[in-house]
Amino acid sequence: MRSDIQPADPSTGGRGDEALRRGPSQEADRGDAELPGSDGEHLLQDAYGTRQRARRFYDDQVLDHLNPTMREFIGRMELAFVATSDSRGECDSSLRAGPPGFIEVLDDRHLAYPEYRGNGVLASLGNITENPHVGILLVDFAEDLIGLHVNGVAEIVEDAELRERHPGLPEEFDRGRTPERWVVVEVEEAYIHCRKHIPRMVPVLRKRSWGTDDAKRKGGDYFGAKSGRADRS
């Protein structure tokens, strides 16, 4: 860590030395308020000397909508990583998967993914009720080795309600499952995740046990959490 960056000082709103205390409103020539990203990343770009590099990325790669290539990419993805946090900023990351096109692109500023019956915890949806901001990462591990970030504001919509809004939603789903509800995301940022460190993976057919509450068949206690809790008691 650079020696000129001091620990956060609560009296300065959680920022450190003078370089970090400069906020966007104090640097009108930068126009940070109009840039993508957070105040924190803009401050650190100055502190670490990456401002020009970051500005090129913002200008060249970050959109506030889904362009045709992004829409096509989403339409062929079979998995997505969804990041949420609650009102205290405590985070959760979850995997969503399905056949190609399981994430519906509703228009160039909205997408939706289905929520099925799960373990009943509803961690991601619970976070969204407290903090609607979500981050979605879609990665093509098999062909193009490229990723797409989609950040935006989410709302939870019941299946019947979304179908009223968008009658073209599919009627049939993988393995006969029916969505209980959907997460609709209004896109605020869409940008590339470069291929430099994305591993190539080859999809293979795999037999799974579906439609069961049997924990062993589902791999529900793979990590031995239940037995470990019993041992501690």
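Colleague: What does Ile-136 touch, and how do you know that it is contact?

Modeller: First, a reminder: this model is predicted. In it, Ile-136 touches Ala-80, Phe-81, Val-82, Leu-111, Tyr-113, Leu-148, His-149, Val-150, Asn-151 and Val-185. That list leaves out residues up to four places away in sequence. Contact means heavy atoms within 4.5 Å, so each listed residue has heavy atoms within that cut-off of Ile-136.

Colleague: Which residues have the most contacts inside the largest nonpolar core?

Modeller: They are Leu-66, Ile-103, Leu-111, Ile-136, Leu-138 and Val-150. The core has 24 residues. At least two residues each come from α4, β1, β4, α5, β5, β6 and β7.

Colleague: What makes a set of residues a nonpolar core?

Modeller: The residues must be buried, and of nonpolar types such as Leu, Ile and Val. Their side-chain atoms must also join them within 4.5 Å. Ile-136 belongs to the core, so it counts as buried: its relative accessible area is under 20%. In soluble globular proteins, nonpolar side chains tend to be buried together. A second, separate core has nine residues, including Tyr-116, Leu-162, Phe-173 and Trp-182.

Colleague: Why is β4 called mostly covered?

Modeller: Count its residues. Five of the six in β4 are buried. Buried means under 20% relative accessible area, so those five fall below that cut-off. For the whole chain, buried residues make up 33% of the 233 residues.

Colleague: How do you know that β3 and β4 pair?

Modeller: Pairing needs at least two bridges. β3 and β4 have three, in the antiparallel sense, so they pair. Val-105 stands opposite Leu-111 in β4. A hairpin of two residues joins β3 to β4.

Colleague: What about β4 and β7?

Modeller: Six bridges join β4 to β7, and at least two are needed, so this is a pair as well. The two strands run antiparallel. Tyr-113 stands opposite Val-183 in β7.

Colleague: Where does Val-82 find its bridge partner?

Modeller: In β5, where the partner is Ile-136. Three bridges join β1 to β5, and these strands run antiparallel.

Colleague: What is the order of the strands in the open sheet, and why are β2 and β3 called edge strands?

Modeller: The order is β2-β1-β5-β6-β7-β4-β3, with antiparallel pairing. β2 and β3 each pair on one side only, so they are the edge strands. Neighbouring strands are turned by 35° against each other on average, direction ignored.

Colleague: Which strands does α5 lie across?

Modeller: α5 lies across β1, β2, β4, β5, β6 and β7. It runs at about 125° to β2.

Colleague: What makes α2 oblique to α3?

Modeller: Their axes come within 8 Å and cross at roughly 140°. Roughly antiparallel would need over 145 degrees, and roughly perpendicular 65 to 115. The angle of α2 and α3 fits neither class, so α2 is oblique to α3.

Colleague: Which residues meet there?

Modeller: Glu-41, His-42, Gln-45 and Asp-46 in α2 meet Arg-51, Ala-54 and Tyr-58 in α3. By class, this contact has two nonpolar, two polar and three charged residues.

Colleague: Which residues of α2 are buried?

Modeller: His-42, Leu-43, Gln-45 and Ala-47. Gly-49 follows α2, and its phi is positive, near 75°.

Key: Residues are numbered from 1 along each chain as its sequence is written. This is a predicted model: local features need pLDDT of at least 70, side-chain atom pairs count only at pLDDT 80 or more; totals for chains, interfaces and linings use all residues. Side-chain values use heavy atoms; hydrogens and water are left out. Axes are lines fitted to C-alpha atoms, for helices over the stretch in contact, and angles run from 0 to 180 degrees between N-to-C directions. Helices (H or I, at least four residues) and strands (E, at least two) are DSSP runs, numbered from the N terminus. Angles under 35 degrees count as roughly parallel, over 145 as roughly antiparallel, 65 to 115 as roughly perpendicular and the rest as oblique. Ala, Val, Leu, Ile, Met, Phe, Trp, Tyr, Cys and Pro count as nonpolar, Asp, Glu, Lys and Arg as charged, and the others, Gly among them, as polar. Buried means under 20% relative accessible area, exposed over 50%, partly exposed in between (1.4 Å probe, protein chains only).
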